[in-house]
Each structure stands twice: as C-alpha cells, then as structure tokens.
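Thanks for sharing this one with me. Below are a few notes for anyone opening the structure for the first time, written as short numbered points.

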Amino acid sequence: MAKFKTIITTAGAAKIAAVLAGTASIVLDNTAKMAVGDGGGTLPTPNPAQTKLVREVYRAPINRASIDASDPKNIVVELVIPPEKPETSGFWIREMALYDAAGTLLAVGNMAETYKPSLSEGAGRKMVIRMVIAVSEVNAITITMDTSTVMATQDYVDSEIDKHAKSRNHPDATLTAKGFTQLSSSTTSISETLAATPKAVKTVMDEAKLKAPLASPALTGTPTAPTAAAGNNSQQLANTQFVMTAIAALVNSSPGALDTLSELAAALGNDPNFATTMLNALAAKAPLASPALTGKPTAPTAPQASNDTQLATTEFVTRAVAPALLVRGSIPASSHLNNFGPTSDYTGVWSQSSVSATAADIANGYPAAERGVLEVFAGGRNNGTQRYTTDGGRIFIRWLNAVWNAASPSWSDWTEVGGLSSNTVLPASATLSDAAYFAQNQTYVLSGSRSDLPAGINGNAVIMSIRRQGGTIAGLNQLLFTTVGTYERHGAPNATTGWTSVSWYPGGDANGWRLIGADAMAAIGIGQSNVAPTDPIDWQQIDMVTGQKRLTTYTATAWLNPPTGITYNSGTNVDITCVINQPNRLVLRLTSNAQSNGNRAEYVVTCTGAKGSRNFTVVQSFNNDSSTVIPLANGGLGETTPEGGRKTLGFDDLGIGIATQLPVSSFDWQQADFKSGQKLLVNVTGWLNAPAELKFLSGDVVNIECVICRTANNRYSVRITSQSPTSGFNYDQTVVISGAKGSRTFFVMQNFNSASSTVVPVVNGGTGSSTPAGGLANLGGAPLVSPALTGIPTAPTPAQTVNNTQIATTAFVKAAIAAIVNGSPAALDTLKELADALGGDANFSTTVLNALSGKQPINAALTSLSGLTGAADKLPYFVGKDLLVLSDFTAFARTLLSRNSAALVRADLNILTGPGWYKLGDLLIQYGTIDFTNTTTKTINFPIRYPTKVDQVIVSDAGWGGGNMWGATEQQPIGFTAHVNVSEEGGQWISFGR
C-alpha cells in the first residue's frame, strides 16, 4: 500500500457529481489556492472527510494547472513557495490541499516531509509543490489560467525545450544562415540549396585523379629525368645524379671531420673574422726575446732559498732584504710612549733605565713606574703593537685601537702578562685597597687583625688583587684565602681620592666581603654531610636567606610561636627550606624526615609582617603519604577507596562502575530524567508510556543509555540494548525524545546488528529478506548470468585507459571519439591546414630536393589532395586509402569550429548544464550534498525534475567517520528521502534518470 497519496475529498466528489449533473462548476484559475501543512509534527494519512489540513502553515494562489500530458486522466496543479516565504521562521511540510476558485476543498494528500527555511534563519529555498489528481471526468473541471502571471519552473522550461528539439520545426539552411539541408548524390546539379554527399564527390574525383596537373604536379612512384651537364645553371630538372656529382666536387676529398660547411665553421669558432681575430690576439703577446712588459706584471714568488734565473718578485726581494728588529737605544727624556707608533722612526727596541717624572712614569704612558725595555712592532691589531718588559720580570702589552694617527694616537690599556705569585707581606699600615699597593695586579701575605677583613678573620690570610685598567666598573677585584673559607669582593675605586674610598658592589658585608664556594653553602645548610638539628626555633623571629636549609625537631618546647595548621608527631625531624626572602616576607617549605607512613606531610608557610607580629599562611602540599587525602576542591576524590571516589564524583547515580546493577522498579518515559552517559537497567514489564515502536518483549531486561542530553531544549537521545540471550530478540534501538515532561514525542529508530532479529529493509539499503532469492525478488534485480535488461540501463563510466570486458557507457564512447577528433596539433587540425602545409607551395618538391642530399618519397595522399580544386566552404576528407574528395563545409560546422569556449559549443550541440545537474542527450545526471544535523532522515529535492523517471539514486558519506549505514527511499522524479543511522553526519548523493 502506498505511503504517500492524494485523494478527492467528500466535498470534492460531491461537487464533481454536481458538475456532471449540470448544477455546479469547478474552476481552477488564478484565484484557486493550494495550502500546505506540517501534520501537527507527524505524517498524516489523507481522509476523504477532511474539511481542512491537520495544521496549515502556508496558503497561496496556484501557479499553474494543466492536464498531465503523460496521462490525460490526471490533473497537475502546482504551487510555488518563494524563498522569502515564510518571513519569520521555517516550517515542515507533510500535507497539502487544493481549493477551487469558490473555496471548496477538492483534494488532500500527504508527501515526504521536507523543511522550508526562512531567510531569517540564514538560508533561502524556492519550493515547487505539485499535486497530481486522478479524475474520472476531466471535463468536469474548467482550467482557465492567466499565463501572464504564471511562473515558468525549470521542469516546464525543460519540457518545452525538449518538445522543440524533437520537432522538425526548424528553418532550412541558406547561403547566409545555418539550418536543415537535404543531401544529394547528383554530379551535374547546380543547386545552392542541396548538399553533396561523399558519393557525389568521389564520382567526380575518381575521374580527375588519374592525371597529374601541369601546374605543380605531385608525382608518385619513381619519376626520372635526363641528367643535366655539370655546371648547368638553368630551370632544367635536377636529378639525384646531378646533385650528388655537384656535392662531390664541392667536398673534393676533404677529411671526414671537415667535409661540411657546418664542420668548417665550428673549427673556426663560428667567427666570420677569424683571421683578424687571430692577428689581434698575437699582437697582444710579448716576444720571448727582450719583452717590454707594461702595467703590473706578476709572477710566482720563488722559494726564499732560490738562487737561479727565475724572476724575483717584490715579495721575494722584501723577504730577502728585511732587516732584523732595530735596537734604537734609550727612550728620550720626557717622552710619552703613546707617540711611539709603528713607523720607521719608532719601530724597534728602546730601553729605559730611570724612574722619574720625566722617565718611567704612568703619566708618561708607562704601564708601571719601573725600569725596562720597550718594543714597538708594525703588526697586530691595526698594525701597531707595544710590549714593555720591566727589570722585575713583569711583561705588559697593548695594541692600537684604530689606524695609526700621529696627531691623535689611540692605544688600548696595558695588559699585564704573567702570574701573581708573591711572598710579599702587606705592611700593617696599608689598607686592603691602598692604591700604593693595589694599583696593579698583586698578591700579598696578611698577618694580624685588620678592620677591613671579614668579621671573625684575624690575619693569617693571602689576598690576590686584580686591577682593571682604564675604568671604574669592577676596577678592583680581590680574593681572600683564609683558614675558615674563601671570600671575594669587587668594586669601583675612586681615583680622585687616591683610592681612599671604594664603592663595593652589593651582596657582601660592610667591607664588601662575602663567603664563596662550599664554605658559603655550608653556612646556609647546603653541602653538609652530617646535619644536626638547631633548636629551639622562634617562628616570630626566624630569619633565613633564600635557599638556606635548617633542620629542627618538632616538639612543643623546640617550636615557639608556631603557625597553626601544621601537624607532625612529636619528635619528628623537619627540614625547613627558605624559598623566598623579601622584606617582611618569608616563604618556607617544611619537609618531614620521618620514615613511617602517615607522618610525612609537606607544608609551605608564608610569613608576612615584621618580626614579632608576623602572620602565617599554611598550605599543605599533596604527596603519596597516607596522611594526604586530596579533597574534591583540589581536584581529588576526598576518599581513599575507589568506591568512595565514585560516590564523590556521582558515578553511582549514572550507573557507572557498579559491580552488580539491579533493574529499577519502574520507568515512566514521560517523566524520566536523563543525564549524558547515564546507564539504567530496566525491566520492560515495569515501564510506562513507552514509545509504541519499541519491539522488546514483556519481561525483557534492557539497558537504557543516555547518548545526548539537551535539557534546555527538552531534547534527549537514548539507546536501548536488549540483555536477552536469545538471538531473535537482541534488538538495538535509538529513541529521540522531544518536548516537556508529560507531552513528550518519540522518534524510534532500529539500529541494525548481526542478530537474527535484524533484516535490513530495502528502504535502508538492505534486501528486506534473509535469503538471496527473497532479496533479489525485493530489489527487482537482474541475474548476473545473461541479464535481459530493459528501459535505459546505466553503469559507471570507465576511465579512458580501460581496455577489458567492462561495460562501456555512452559517455565513455563519446569521450573516446572526442579524444580522436581533438588529438591533432592546433596548427594541423584541419584538412585545409594539411593541404596548405604539403601542397600550398607550387615548387614544394623542387625545394625539398635542392635542400636535401637524399630523395624524399612522394606521398600518395598529397598527390590526391593536390588534384582537388578548392573552393569557398569546401572541406576535403578521405574516402579510401590515400584518396581525398571535397565536401561542403556547412555554416553550422564553421560556426561550431569558430567557438572559443566549451559553453558555446555545448549550446550549439544542445548539451545542457546547470547548478547540480548535467544533461547529455536523454540522460540527466544530478548531484548534491546532505546535512544530517539533528536528524537521520532528510528529504532531498532534485535541482530539476526528471521528465520521465529516476533510474537510480546513490547516497554515501562525504569523508565523515566510517562504519555508518546510508540509504535512499521514496525516489520520485522530484526528489527522494535520504537516511543514515547516526545523526550529525554529512553525506553526498548522485542520481541518474531520463
């Protein structure tokens, strides 16, 4: 029984009877109307007693009414809903109705549900609703449509174009316009309206091809001619003997590598002025005897020990005559060493034997007020270096900062080279930063107490001092080696006060000293091998530096003023580490040293405020000790067992993690609450208000799992799985629930599985049977062996490279033919172009023979082509091997070849395309995509209506997750219904028909 249908209402049947009795009339004109409705949310069944739709959502005048051309007993009425309707929100369409001009409800029907969106929802869609009504007396209904107000739909336009294309109502061809023409095989006709057949052309060409023309003959076979005398220079034909003799005389026994002009030109470098080029090149060369070289001649530099006739370069001579470093003598009095630059006046060795304000003095550029030797070199950085060696064994060196400028010399600071070893005892009267003793790098032995030593250090130390010249930043750096540890300090001396004051860098004591190395670490409890507790500890007075560690014992007497919130067993050793030390702020980490479980808690204590009035904040750090139970507020479970944790997280309420789950006593589908992921075990006997489509038997125990929960929208999706051990009752169904409690609606889907209770119907892509024979009968398929196909069978189009027993479609054949036609190069893709290329030159054969040493065979096809007499609008073509004739080149063919786009060619050949469809002859292919958001069923309308029928619709996924099931049902010329077993998917479809 058909699921969708249209019926005449009781009122409509009565009115038709009254029309036949002559007491009434039924008029379908531009005032007649059609209405559509949503059926109240479900698909209604048409009822003859209906006086209105179940729930009407839209009504408007009909667009067109006509007698069905394929069945005169049917009346087709059409309603067009434009994209801008509705104006506010969209609606579903599941029912339709027809009202005549008087307002009588004539017919009602249902249809595959489809959604009409509103532009305000972000999408627009024009819909065409057609109602086909079977009427026994079509004459009882008067159709008077004003065609000026009718909207032409795509189907109507396609139908009219198809009628016109199949008719012979076309103009005849003329000399100035294309059209139909009649063929003729006459060879004597002078008509300008008939087209010559290949037979007529062949008859004429058979008579003309037997003789060669006098003008530009295209000879075949092996034509001969008398050999002209050597030296003949006229228009007499030259045969191969004449040509070969002339070429042999030109070569005249030249070597094989130089017997062509190309080889000779290559040997000369392709230079037409070779002789001049060679003479010019020789003129630029020096003679072997007494050459007069110019410019800057160069030659390899001989080894320094060389002593022969080899040319001596300037490099060789310079190395040979370079003198040893000159000994200059004493440095003149009052000289400044900055003026001793890398010039011929100063390079060498100078001596200084006096220490005074006019001799060796720092003010005169000396590195130290000591006697010594100065060496000046032309080399090193910026080609200038000085080295000063004192008579005490100290060595200093410096370089130019820039290229030598006698007016303003720029030297780097002196750098002392050598060690700092010394046994000199620093006098007790000298301070540890006295410029008289520490202006240069020095090492001294200290004895006795000094005020500028670190606290607690009383002599018996060694101080090493390093002086940075030419600046105050880190100008003085000192290391102090004592019996209790190593200290360091560095600062910027004040040169204007003779170093009586030094700005020591922070981090040390009042004199800048600070303990370094392992000694410094031990002072703060780091690096010790045996740490003992230091008690008591007063939390209001404790003072620690960052990184310092301290071991203490947790007792009531050892800890004074402790923070609250810290719990250890009495007597527990606790490590206190200072994490941060800021003014009036300490952050301390407490770690238990206990070995027993349950007493190893860790805490972080933040102390703020001045000593004596501190505030404490205690935070416990979580670890794996049993004293730690992380509460729910900190991301834990607040429990120490899995059972307690599941209760904390509420898993028990969702039915997750329960070892033995018992069925609930009752379950009301209209009142039940759902949560995503919730699992319930329910006895079918105890549920109320269940959806009628559920197939479970009374007494079955089923699992109900909430897949999607959208409480705010009153929408839920639950999956019901049978626990029955019997294969025939293992149903798996999904229920989509919509609406508030008490008025919920249910949409039930069966999920197909391997149980024997599942037989996938045809509408869901199955066979509807559990046997091969039943499936074949349901599908109406043809057998694999010798199928007798009817109608218009279709098949996938193979690739053009396929060459086997696969079925070839019309598209495959046409593509293969197109490849043959279009394979010719653009410059030779017409017979006219071939004729021009081979026969357009009246002396083509002579030209080739004169250019080549061999003989070019005559082509029989060119011979045939040259015998044709060309004319306007003529096209040569082959009628046999090497045999061409001329045929009329029609205006239509010329127009087709002149097109510069595929669209124009398709229009000329009546090949139609549009958005989502392609029409090739009678075959119509349409395609599109499917959005299954919030649904598993979707009504799809074809872009255009199939004129005759739909052969096949294929639905598949579009790159979403695999493993889902797809199908297409209710295939009609205007559309179909697509299905998938899981919503929120995307798909695609393609259809074939006529």
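1. Let's begin with a pair of residues: Val950 has Gly993 of strand 48 as its bridge partner. Please keep in mind throughout that this is a predicted model. The strands concerned are strand 45 and strand 48 (residues 986-993), which pair in the antiparallel sense over seven bridges.

2. Now step back to the sheet around that pair. Five strands make up an open sheet, ordered 41-42-43-48-45, with antiparallel pairing. Its edges are strand 41 (912-914) and strand 45 (950-957), each of which pairs on one side only. On average, neighbouring strands here are turned by 10° against each other, direction ignored.

3. Another open sheet is worth a visit: five strands in the order 26-28-29-30-31, with antiparallel pairing. Strand 26 (549-554) and strand 31 (615-621) are the edge strands, and each pairs on one side only. The average turn between neighbouring strands of this sheet is 25°, direction ignored.

4. At one end of that order, strand 30 (residues 602-608) and strand 31 run antiparallel and are joined by seven bridges. You can find one of the partners by looking for Cys607, whose bridge partner in strand 31 is Phe616.

5. Finally, a single residue: is Asn703, in strand 35 (residues 701-710), buried or exposed? Asn703 counts as buried because its relative accessibility is 15%, and the cut-off for buried is under 20%. Leaving aside residues up to four places away in sequence, Asn703 touches Lys679, Leu680 and Leu681, as well as Arg719, Ile720, Thr721 and Gln723.

Conventions
Residues numbered from 1 in each chain as written. Predicted model: local features only at pLDDT ≥ 70, side-chain atom pairs only at ≥ 80, totals over all residues. Heavy atoms only, no water. Pairing = 2+ DSSP bridges. Helix = DSSP H or I, 4+ residues; strand = E, 2+ residues; numbered from the N terminus. Axes fitted to C-alpha atoms, helices over the stretch in contact; angles between N-to-C directions. Buried < 20%, exposed > 50% of the residue type's maximum accessible area, 1.4 Å probe, protein only. Contact = heavy atoms within 4.5 Å.
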